[in-house]
Each structure stands twice: as C-alpha cells, then as structure tokens.
Amino acid sequence: MSRRIVLLGPPGSGKGTQAVFLAERLGVPAISTGEMLRQAVDEGNALGNRVAGIMGRGDLVDDATMAEVVEERLARQDAQVGFLLDGYPRTTVQAETLAGIVERAGRGLDAVLLIDVPPPVLIARALGRGRADDTEEVIAERLRVYGNKTEPLVGYYKALGLLREINGDQTIEAVTMDLVRALER
Ligand code: AMP
C-alpha cells in the first residue's frame, strides 16, 4: 500500500475531509499546510504574522517559507512511516522542493491523488461552507490561484506516472471509497 501520498484538488474539493479519513486508514499523519499556517496565525507567532495578510486575500504564501514549513514537518518522527499531504505542493517549485526532500530520504512519492470537481460545484460548496475567510471575492481569488499556479501540477505528476484521478462530485463516502481503490491499484 502506498504511503507517501499527495492529495491534489481545488479549494472545496473535500481534500481536507478525505485526508483525515485516508490518513487514519493508512496509519500516516495527514499534513495540512493550510491548517499549520492557520495555527501559526492563531498563535500570533512570527510565521503567523508574516502570512496572515496573504492568507486573508486567498493568495499563496511564498515557496521559500513553505519549503521551511514542510521540510521541518516531514522531518518529524511521525512522518517517517509516510504521510498524506493536503495543500502542498501548490506550485511547480514546491513540487520540486518536495521531490528533493523525499529523495534525500532515499525514497520517492508513491501516488498523487487528484480529487476532480467541476468549478460550478466548487463555488456552490465554498459559499455554503462558511469559513471566516470565505467571502465571495476570496473564494474567486483562491480558485483563480488554483487554476494558474496549482493546476499545472496535474500535468507535472501525470508525466511522472504518479497521478490517479478521482471523481470528487459524489458523496463523501463514495469519494473515500474511490480514493482507497485508487491506492490499491
Ligand atoms: P488551505 O487550508 O489548504 O486552503 O490553505 C489556506 C491558505 O493557506 C491558502 O489559501 C494559502 O494562503 C495558504 N497555504 C496553504 N498551503 C500553502 C502552500 N502549499 N503554498 C502557499 N500557500 C499555502
């Protein structure tokens, strides 16, 4: 069974929810960079102060800062058996950083799971979700950023033979089942 996994998908694709289910099943930590950054903002530490404004606008935190955050997290003991990354990488530069980290550990990624959801469904979901930073404008910006900066990763990972696509426009349970199946094949 695959152990070093990236979950890819647009905002509102259900990545976070699925990451928690799947990680538990696989016995690896679910690592959400968005969650880590939100925690830093709540704590009011140096990292949090640096990223709060950027996150509030729906923009991406710079790749160098994210590299530090992820490198430190993946070096921790619990991530040595594997990991499920949710929200990282989000740019090609980040994908290359991640490749470097896992290669230095003498490994590689096992799979990249893409949760595919059509844009109109994403907008409807995002408006219904009600997270504090989910104003219509910020949602639109996040989707735009995803299309411009993150979507190129689909081709990047496809070329590496790592990509497995899952239809995310289904019930939570059905998506979980498809993800588990995609990892078994
Ligand atoms: P998320 O919870 O994954 O939607 O992330 C929330 C916000 O945190 C994003 O809108 C970005 O501002 C920031 N963020 C999380 N992960 C990354 C990343 N890999 N690269 C850049 N910014 C990120």
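## Surface and charge

In this predicted model, the accessible surface of the protein adds up to about 9,200 Å². Carbon and sulfur atoms own 52% of that area. If you are thinking about electrostatics, the protein carries 22 positive and 27 negative charges, and the mean positions of the two sets lie 3 Å apart.

## Overall size and packing

How does the radius of gyration of the protein compare with that of a compact globule? For 185 residues, such a globule would come out near 16 Å, and the protein has 16 Å, so the two agree. The C-alpha trace spans about 40 × 40 × 30 Å along its principal axes.

Inside that envelope, 46% of the 185 residues count as buried. Take the contacts in the protein with a separation of 6 or more: 74% of them come from residues 24 or more positions apart.

## Order of the elements

The count is 9 helices and 5 strands. Reading from the N terminus, you will meet them in the order β-α-β-α-α-α-β-α-β-α-α-α-β-α. The chain therefore opens with a strand and ends with a helix, as that order of elements shows.

## Strand 1 and its neighbours

Strand 1 covers residues 4-8 and is mostly covered, with 5 of its 5 residues buried. In a regular strand, side chains alternate between the two faces of the sheet. Here, Arg4, Val6 and Leu8 point one way, while Ile5 and Leu7 point the other way. Both sets are buried, and that includes the charged-type residue Arg4.

Which strands pair with strand 1? One of them is strand 3 (residues 83-86), which pairs with strand 1 in the parallel sense over 4 bridges. Within this pairing, Ile5 has Leu84 as its bridge partner. Strand 4 (residues 111-116) also runs parallel to strand 1, and 4 bridges join the two. There, Leu8 finds its bridge partner in Leu114.

## A look at Thr17

Helix 1 takes in residues 15-26, and Thr17 lies within it. Is Thr17 buried, exposed or partly exposed? Its relative accessible area is 38%, so Thr17 is partly exposed: the value falls between the 20% limit for buried and the 50% limit for exposed.

Thr17 also offers a nice example of sequence distance against spatial distance. Thr176 is 159 residues away from Thr17 in sequence, yet their C-alpha atoms are 9.3 Å apart in space.

Technical notes. Residues are numbered from 1 along each chain as its sequence is written. This is a predicted model: local features need pLDDT of at least 70, side-chain atom pairs count only at pLDDT 80 or more; totals for chains, interfaces and linings use all residues. Side-chain values use heavy atoms; hydrogens and water are left out. The radius of gyration is taken over C-alpha atoms; the globule rule is 2.2 Å times the number of residues to the power 0.38. Buried means under 20% relative accessible area, exposed over 50%, partly exposed in between (1.4 Å probe, protein chains only). Contact means heavy atoms within 4.5 Å. Accessible areas come from the Shrake-Rupley method with a 1.4 Å probe; for residues, only the protein chains shown count as cover. The place of a charge is taken as NZ of Lys, CZ of Arg, CG of Asp or CD of Glu. Two strands pair if DSSP finds at least two bridges between them.
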